[in-house]
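Trainee: Please take a close look at the aromatic rings in this model, and place them in the context of the rest of the chain.

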Amino acid sequence: FFFLMIRRPPRSTQSRSSAASDVYKRQTLFYGLVCSQVGVNIMHDGNHGAFTNNKVITWIAGATLDLLGSTSVVYKRSHNFGHHGCVNHFELDRSFDTTYPTLRMSKLQKRYFYHKYQHFYI
């Protein structure tokens, strides 16, 4: 699968071809989205202590956030207390923050026309 992301354009394609460039842009975007989801999920489970039964491997999985330039200590504190302390409470749960208006996760949030399609883009 990953070899598809690094392949070169065919010899018949010009080196500065916009078609080849578009293919690489799409592949790069797809690869970035896949890797970010794997990283976020591994980091999330690691910081919850739920990645494996081995504490060292779980700690390493949680520390992947530190490799990206953030800190797992702040994440654990803000996520565990800011979210898990009041899960699904519209006014207290930080997951209902309006930074992503494309998602409607509560009936108390304002409804826009595109929310009826969110099951397609989530």
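Mentor: The protein has five helices and zero strands, and read along the sequence its pattern is α-α-α-α-α. The model is predicted. Of its 122 residues, 20% are buried.

First, the rings. A search of the whole structure finds two aromatic pairs. In one of them, the ring centres of Y112 and Y114 lie 5.6 Å apart with the planes at 10°, so this pair is stacked. The cut-off behind that word is a plane angle under 30 degrees. The other pair joins F113 and Y114: the centres are 5.2 Å apart and the planes stand at 80°, so the arrangement is edge-to-face. Here the angle is judged against a limit of over 60 degrees. Through these ring pairs, Y112, F113 and Y114 are linked into a cluster.

The three residues can also be described by their accessibility. F113 is exposed, with a relative accessible area of 66%. Y112 has 35% relative accessibility and therefore counts as partly exposed. Y114, at 23%, also counts as partly exposed; the limit for buried is under 20%.

Next along the chain comes H115, which lies in the loop between helix 4 and helix 5. Its relative accessibility is 6%, so H115 counts as buried. The C-alpha atom of H115 is separated by 9.2 Å from that of P101, with their positions 14 residues apart along the chain.

Further on there is a nonpolar surface patch of about 500 Å², made by Y117, F120, Y121 and I122. One of these residues, F120, belongs to helix 5, which spans residues 118-121. F120 counts as exposed because its relative accessibility is 65%.

Now helix 4, residues 72-82. Its buried residues are S72, Y75, H79 and G82. They cover an arc of only 140° around the axis, which puts them on the same side of helix 4. The face turned away from this buried side carries exposed residues, namely V73, V74, R77 and F81. Two aromatic residues of helix 4 thus appear in these two lists: Y75 among the buried residues and F81 among the exposed ones. At the start of the helix, T71 places a side-chain oxygen within 3.3 Å of the backbone nitrogen of V73.

Helix 2, residues 55-62, can be read in the same manner. T58, A61 and G62 are its buried residues. Around the axis they cover an arc of only 100°, and this puts them on the same side of helix 2. V56 and W59 are exposed on the other side. The N-terminal end of helix 2 is capped by N54, whose side-chain oxygen lies 2.9 Å from the backbone nitrogen of V56. V56 therefore appears twice in this description: its backbone nitrogen takes part in the cap, and the residue is listed as exposed.

Helix 1 covers residues 18-48 and includes N41. N41 counts as partly exposed because its relative accessibility is 44%. The C-alpha atoms of N41 and A61 are separated by 9.4 Å, and the two residues are 20 apart along the chain. A61 is one of the buried residues of helix 2, so this distance runs from a residue of helix 1 to the buried set of helix 2.

A63 gives a further link of this kind. This residue is found in the loop between helix 2 and helix 3, the latter being residues 64-67. At 12% relative accessibility, A63 counts as buried. A63 and M43 are 20 residues apart in sequence, and their C-alpha atoms are 6.9 Å apart in space.

To return to the rings: the cluster consists of Y112, F113 and Y114, with Y114 taking part in the stacked pair with Y112 and in the edge-to-face pair with F113.

Technical notes: Residues numbered from 1 in each chain as written. Predicted model: local features only at pLDDT ≥ 70, side-chain atom pairs only at ≥ 80, totals over all residues. Heavy atoms only, no water. Phe/Tyr/Trp six-rings, centres within 6.5 Å; stacked < 30°, edge-to-face > 60°. Buried < 20%, exposed > 50% of the residue type's maximum accessible area, 1.4 Å probe, protein only. Helix = DSSP H or I, 4+ residues; strand = E, 2+ residues; numbered from the N terminus. Arc of directions from axis to C-beta. Polar contact = N/O pair within 3.5 Å; in protein donor to acceptor, adjacent residues only side chain to side chain. Patch = residues over 30% accessible without salt bridge, like charges linked within 9 Å, V, L, I, M, F, W, Y side chains within 5 Å. Areas by Shrake-Rupley, 256 points an atom, 1.4 Å probe, with all protein chains shown as cover. Salt bridge = Lys/Arg side-chain N within 4 Å of Asp/Glu carboxyl O.
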